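This briefing goes through selected side-chain interactions. Please have the sequence and the model at hand while reading.

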Amino acid sequence: MRYLLTLHMNPTLWATLTDDRKNAVYEGHGAFIKLITESGEMVETKALAEPAETKTIQVKNGVAQTKNGGYVESEAFLCGYYVVDVDTEARAVELATMIPDAQYTAVEVRKVVHEG
């Protein structure tokens, strides 16, 4: 079963972290990637640009409307994800607890129900 583990960034909280804590998060991702790659559970991972570099498109009455910024107007934003292939939801949750961001913000675990 594949699960999407989404990472969320809160810039205000991130700004309060010391450089050592920030570096520990970066290094923690390296260790996490190594772990799930070696276990064969890694499918893919992506880091995403911040909302200031995002365009949101909606089509209304056949006309495309574009705005700068993310769809959800919130300080916290989706900043990346991992897709893992595991035997159980419990393992996906276990892996999510190992992602260093989980100690500062939430990591969402969502089952992938369709791939194209």
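How many residues apart in helix α3 are Glu94 and Arg91, and what does this spacing amount to in helical turns? Glu94 and Arg91 are three residues apart in helix α3, which means that about one helical turn separates them. The model is a predicted one. The points below begin with this pair and continue with the other salt bridges, the surroundings of Glu41, the faces of α3 and an aromatic pair.

**Salt bridges**

- Six salt bridges are found when the whole structure is searched.
- In general, side chains of opposite charge can pair when their charged atoms come close.
- Glu94 and Arg91 form one such salt bridge, with 3.1 Å between the closest N and O atoms. Glu94 has a relative accessible area of 39% and is therefore partly exposed, since the buried class lies under 20% and the exposed class over 50%.
- Another salt bridge joins the side chains of Glu38 and Lys34, at 2.9 Å from N to O. Both residues belong to helix α2, where they are four residues apart, about one turn of the helix. Glu38 counts as exposed because its relative accessibility is 59%.
- The side chains of Arg110 and Glu108 also meet in a salt bridge, with an N to O distance of 2.9 Å. Arg110 is partly exposed at 48% relative accessibility, and Glu108 is likewise partly exposed, with a relative accessible area of 33%.
- A network of salt bridges links Arg2, Asp85 and Glu115.

**Glu41 and its surroundings**

- Glu41 is placed in the loop between α2 (19–38) and β2 (42–47).
- Is Glu41 buried or exposed? Its relative accessibility is 11%, so Glu41 counts as buried.
- Two polar contacts involve the side chain of Glu41: one with the side chain of Ser39 at 2.7 Å, and one with the side chain of Arg91 at 2.8 Å.
- Leaving aside residues up to four places away in sequence, Glu41 touches Ile36, Val83, Val84, Asp85, Val86, Arg91 and Leu95.
- Arg91 thus appears both as a polar-contact partner of Glu41 and as the salt-bridge partner of Glu94. Asp85, which Glu41 touches, is a member of the network with Arg2 and Glu115.

**The two sides of helix α3**

- Helix α3 spans residues 89–98, and its buried residues are Ala92, Leu95 and Ala96. Viewed down the axis of α3, these buried residues fall within an arc of 105 degrees, so they line one face of the helix.
- Which elements do the buried residues of α3 pack against? They pack against β1 (2–9), α2, β5 (77–85) and β6 (107–111).
- Ala90 and Thr97 are exposed residues on the face of α3 turned away from its buried side.
- Leu95, one of the buried residues of α3, is also among the residues that Glu41 touches.

**Aromatic pairs**

- The count of aromatic pairs comes to two.
- The ring centres of Phe32 and Tyr82 are 4.9 Å apart and their planes stand at 75 degrees, so this pair is edge-to-face. The angle lies over the 60 degrees required for that class.
- Phe32 lies in helix α2 and Tyr82 in strand β5, and the pair links distant parts of the chain, 50 residues apart.
- Phe32 and Tyr82 are both buried.

Methods:
Residues are numbered from 1 along each chain as its sequence is written. This is a predicted model: local features need pLDDT of at least 70, side-chain atom pairs count only at pLDDT 80 or more; totals for chains, interfaces and linings use all residues. Side-chain values use heavy atoms; hydrogens and water are left out. Helices (H or I, at least four residues) and strands (E, at least two) are DSSP runs, numbered from the N terminus. Buried means under 20% relative accessible area, exposed over 50%, partly exposed in between (1.4 Å probe, protein chains only). A polar contact is a pair of N or O atoms within 3.5 Å; within protein, one must be able to donate a hydrogen and the other to accept it, and residues adjacent in sequence count only if both atoms are side-chain atoms. Contact means heavy atoms within 4.5 Å. The arc is that of the directions from the helix axis to the C-beta atoms. Rings of Phe, Tyr and Trp (its six-membered ring) pair if their centres lie within 6.5 Å; planes under 30 degrees apart count as stacked, over 60 as edge-to-face and the rest as tilted. A salt bridge is a side-chain nitrogen of Lys or Arg within 4 Å of a carboxyl oxygen of Asp or Glu.
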